[in-house]
Amino acid sequence: MIYQFYQRRIFPHLLNQVMQTASLMDRRRELLLPIEGEVLEIGFGTGLNIPFYGNVDTLYALEPNPDIYLLAVERVQQAPFFIKHIQSSAEKLPFATASLDHVVSTWTLCSIAQLDQALAEIYRVLKPTGTFHLVEHVKHPDSAKIQSLQTLLTPIQKRIADGCHLNRDMERHLLQAKFKLIEKQYFDAEGIPAIAQKMLFARAQKLQIPH
Ligand SMILES: C[S@@+](CC[C@H](N)C(=O)[O-])C[C@H]1O[C@@H](n2cnc3c(N)ncnc32)[C@H](O)[C@@H]1O
């Protein structure tokens with residue numbers, strides 16, 4: 001009962017605040033400004049990416065959690081382009097195969113229960129020339145001490161942060177899903193605790209498998 005109250009009435013507001021940390025907002029801008037035309041964003045959250053889509057005309061905002069999406073509604077109404085909310089999960093995308101030029105994920109892959117299934121779906125819906133744009137917190141690539149802490153704290157983090165995993169090696173999952181990284185940068189986000197501070201900023205395309 002109390003947990004449900006926390007999840008439905010408190011967590012969405014915490015998320016909305018934390019995700020506006022200045023260093024994260026700067027990375028949203030860098031990731032999203034080059035995107036044009038039609039885009040699918042998975043885990044749309046409270047709509048914090050809207051101001052950074054420079055040349056988008058249609059945004060498919062996939063967000064499964066109605067309590068979180070509620071906090072996006074006002075931003076969606078004021079957006080200067082068309083936004084269609086899709087209440088669905090990334091593990092089963094309601095889009096045709098090879099139909100999209102751009103898919104975006106900002107700090108969403110950590111929360112998806114079946115990550116490999118979701119990556120297979122993103123791969124499926126992207127056109128052969130399409131791009132997956134992402135920025136995510138990751139399993140620390142070097143520090144064994146932080147890696148251990150991430151693994152230790154992930155069960156608690158999942159409870160307090162709506163399924164968020166601290167210890168996912170996103171690059172490995174992407175390569176396994178047959179993406180190639182055409183842009184890749186690891187960085188430490190200012191203002192974020194050490195266990196979730198290491199981030200991967202990347203653009204990925206479908207590996208072209210020779211016939
Ligand atoms: C940490 S929040 C990030 C929100 C937003 N992308 C942002 O940058 O502020 C993770 C988001 O992923 C969503 N999410 C969780 N599981 C998901 C799934 N299976 N498919 C799509 N989105 C999911 C959550 O509801 C939440 O909105």
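Which classes of residue make up the shell around the ligand, and how many are there of each? By class, eight residues of this shell are nonpolar, seven are polar and four are charged. Here Ala, Val, Leu, Ile, Met, Phe, Trp, Tyr, Cys and Pro count as nonpolar, Asp, Glu, Lys and Arg as charged, and the others, Gly among them, as polar.

The model is predicted: local features need pLDDT of at least 70, side-chain atom pairs count only at pLDDT 80 or more, and totals for chains, interfaces and linings use all residues. Residues are numbered from 1 along each chain as its sequence is written, and side-chain values use heavy atoms, with hydrogens and water left out.

The ligand is surrounded by 19 residues (each with a heavy atom within 4 Å of it). The closest are Arg28, Gly43, Glu63, Glu91 and Thr106.

The table gives polar contacts with the ligand, that is, pairs of N or O atoms within 3.5 Å.

| Residue and its atom | Ligand atom | Distance |
|---|---|---|
| Ala90, backbone N or O | nitrogen | 2.9 Å |
| Thr106, polar side-chain atom | oxygen | 2.7 Å |
| Thr108, side-chain N or O | nitrogen | 3.2 Å |

Taken alone, the ligand exposes 590 Å², of which the protein buries 92%; accessible areas come from the Shrake-Rupley method with a 1.4 Å probe.

An unreviewed UniProt entry lists residues 40-132 as "domain: Methyltransferase type", and such annotations may be inferred rather than shown by experiment. In the model, the end C-alpha atoms of residues 40-132 lie 10 Å apart.

Note on methods. A polar contact is a pair of N or O atoms within 3.5 Å; within protein, one must be able to donate a hydrogen and the other to accept it, and residues adjacent in sequence count only if both atoms are side-chain atoms. Helices (H or I, at least four residues) and strands (E, at least two) are DSSP runs, numbered from the N terminus.
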